[in-house]
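The following explanation leads through a structure by way of its charged pairs, its sheets and its nonpolar cores. Please keep the sequence and the coordinates at hand while reading.

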Amino acid sequence: MSFDAPDQLNIADFFLDARIREGRGHRVALRTDEGRLTYAEVQALANRYGNSLLRAGVRPEQRVMLALPDSPDYVAALFGALKIGAVVVMCNPHLKASEVRYLFGYSRAAAAVVHPEVEATFREAASASSLMGELLVVGDGTVGDASDALDTFPTHPDDPALWLFSGGTTGRPKGVVQSHRSFVNTTECYAKGVIGYTEDDVTLSVPKLYFGYATGSNLFFPFSVGASAVLFPERCETEVLFDKIARHRPTILVNVPTMVNHMVTHPSVQDRDLSSLRLATSAGEALPVEMHERWNEAFGVDLLDGLGTAEMWHIFISNRPGDVRPGTLGTVVPGFEVRVCDDEGVPLPDGEVGTMWVRGDSRATGYWQHYEQNRHAFRGEWYVSGDMIRRDPDGSITYCGRADDMLKVSGKWVSPKEVENCLLGHPDVAEAAVVGVVDSSGLTKPYAFIVPASAGRPAESEIQAFVKERLAPHKYPRRVFFEDDLPRTHLGKVDRGKLRASAETLSEP
């Protein structure tokens, strides 16, 4: 199963304009606390943004940076840029000026569409970049007088559509260049083939739209069938999320493990009504089996853990509605092929841990200006990730961690995820992360960082004994550090690089 692309393909047409041609212009496309917008209204606003970008001098194939909170303007600016054949650079709107300055220089963006709250930061960064083009500020009248009629540029399926950014925990983020073909292919294979999106669905997402996981699950996928997406600009705290669910009654919740943990440990969890949901998804990080079981006990709603990458745009391994296997990622999405390989690229038998190789029609063109990384990661049809996985005889796949996070302790491999899962079984542990630290003798040892479940902190020896009782002796954490929170990357993942550096500092005599 894959998408048979036509000679011309623009995802603004595929996800938005096609709904109008189907007679669905009157259907609700976006839901916010302030009101609702139909597909016809979103199209008109997108056309105004596209015309405004044309007026600012943006031309096909040039890059447009998008730095907005989740809102109708975000959606319209995204589709407006795509409609004129531009390439959208997805950007966290809350980056610091130095980070924005790097992205300006790296992307050579011809324009940026930003929110008034971050205008000063972006102007500061733009002033230091001779490559930066026009800055369009939402709400300043830029698009108010623009025409709401616009023909969609006839892009080729393999033309760049969006830049996503890799979720690496070290160094500068790499721009992952994805084509129009990729977004349609995953929509057909995963959204329609596995999740079964319908026009009656209402989606709501924990991650924001600049994160590729949310771009798909809370915008492109519902738009592909004429469904509705709930958008809200504020940070997704637990109380905010419960309020949005109660207010908008979504049928699909796009979730991440960190929020799953916050939800199941919330004091009022038993009083929360999630009966509108037909399913929830989880991605972005590994979902511990203990956390999954707490979710099932608290809410009784299918939670589909899955794995996707920016390089293959979105999820290609997933559990299925009605067939959820906690502790696993599920099975490969039809249309994709996944192999478990050794260091030489030779496929390994079931039951062995190896590097993930994946192929399918959603593979990125490559990393922008990263020749060496492209040579390593993109090999013919295959994308070779740094993820370590294991395939069971029944076809289900278990995530074992990143290759650079796996630990060789006492000559044996240790998966940080396995130790973290064990730690989460302790009643006084709310969150846990395990990293490897080289000690004074040159040997790697596991160290644990823990966010306590309450004000009281268990003794380090108690945590160590808890792990020793449940796992092989060499897997227990040699040191345990207690934190109020865990550091995270720009995509919300645990920043293991910072934890390793912190562990090395804390361990110094």
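A residue is called buried when its relative accessible area is under 20%, exposed when that area is over 50%, and partly exposed in between. The model to which this scale is applied here is a predicted one. By this scale Glu22 is partly exposed, because its relative accessible area is 44%. Arg24 is likewise assigned to the partly exposed class, at 24%. These two residues form a salt bridge, in which the closest N and O atoms are 3.5 Å apart. The pair belongs to a wider arrangement: Arg19, Glu22, Arg24, Arg27 and Glu199 are linked in a network of salt bridges. Over the whole structure, the search finds 31 salt bridges. As general background, side chains of opposite charge can pair when their charged atoms come close.

A second group of charged residues centres on Asp33. Asp33 forms a salt bridge with Lys244, with 2.3 Å between the closest N and O atoms. Asp33 lies in the loop between β1 (28-32) and β2 (35-38), whereas Lys244 lies in helix α8 (residues 238-248), so this salt bridge ties together parts that are 211 residues apart in sequence. The accessibilities of the two partners fall into separate classes: Asp33 is partly exposed at 31%, while Lys244, at 2%, counts as buried. Asp33 also meets the side chain of Arg247 in a salt bridge, at 3.4 Å from N to O. Arg247 is again a residue of helix α8, and its pairing with the loop between β1 and β2 therefore ties together parts 214 residues apart in sequence. Arg247 is partly exposed, with a relative accessible area of 48%.

The helix and the loop joined by these salt bridges lead to the sheet that contains β1 and β2. This sheet is open and has 9 strands, in the order β2-β1-β10-β9-β11-β12-β13-β14-β15, with mixed pairing. Its edges are formed by β2 and β15 (331-332); each has a single partner strand, so one side of each is left without a neighbour in the sheet. Within the sheet, β1 pairs in the parallel sense with strand β10 (residues 228-230) over 2 bridges, and Leu30 has Ala229 of β10 as its bridge partner. Helix α8, which carries Lys244, lies across β1, β9 (202-205), β10 and β11 (252-255), and runs at about 170 degrees to β9.

A further open sheet consists of 7 strands in the order β6-β5-β3-β4-β7-β8-β18, also with mixed pairing. Here the edge strands are β6 (134-137) and β18 (366-367), each of which pairs on one side only. Strand β3 (residues 63-67) deserves attention. Why is β3 described as largely enclosed by the rest of the structure? The reason is that 5 of the 5 residues of β3 are buried. The burial applies to both faces of β3, with Arg63, Met65 and Ala67 on one side and Val64 and Leu66 on the other.

The neighbours of β3 in the sheet can be followed residue by residue. On pairing with strand β4 (residues 87-90), β3 forms 4 bridges in the parallel sense, and Val64 is matched there with Val88. Together β3, α3 and β4 make a right-handed β-α-β unit. With strand β5 (residues 111-114), β3 again pairs in the parallel sense over 4 bridges; Met65 has Ala112 as its bridge partner, and Ala67 stands opposite Val114. Helix α5 (residues 119-127) lies across β3, β5 and β6, running at about 180 degrees to β6.

The last topic is the nonpolar interior. In soluble globular proteins, nonpolar side chains tend to be buried together. The largest nonpolar core in this model has 133 residues, and those with the most contacts inside it are Phe79, Val113, Phe220, Phe223, Met263 and Trp295. Helix α3 (residues 72-83) supplies the largest share of this core, 8 residues. Leaving aside residues up to four places away in sequence, Phe220 touches Ile11, Phe15, Leu78, Phe79, Leu162, Phe183, Thr215 and Trp313. Apart from the largest core lies another, of 22 residues, including Val89, Ala109, Ala126 and Trp163.

Note on methods:
Residues numbered from 1 in each chain as written. Predicted model: local features only at pLDDT ≥ 70, side-chain atom pairs only at ≥ 80, totals over all residues. Heavy atoms only, no water. Salt bridge = Lys/Arg side-chain N within 4 Å of Asp/Glu carboxyl O. Buried < 20%, exposed > 50% of the residue type's maximum accessible area, 1.4 Å probe, protein only. Core = buried A, V, L, I, M, F, W, Y, C linked by side-chain atoms within 4.5 Å. Contact = heavy atoms within 4.5 Å. Pairing = 2+ DSSP bridges. Right-handed = clockwise from strand over helix to strand, strands pointing away. Axes fitted to C-alpha atoms, helices over the stretch in contact; angles between N-to-C directions.
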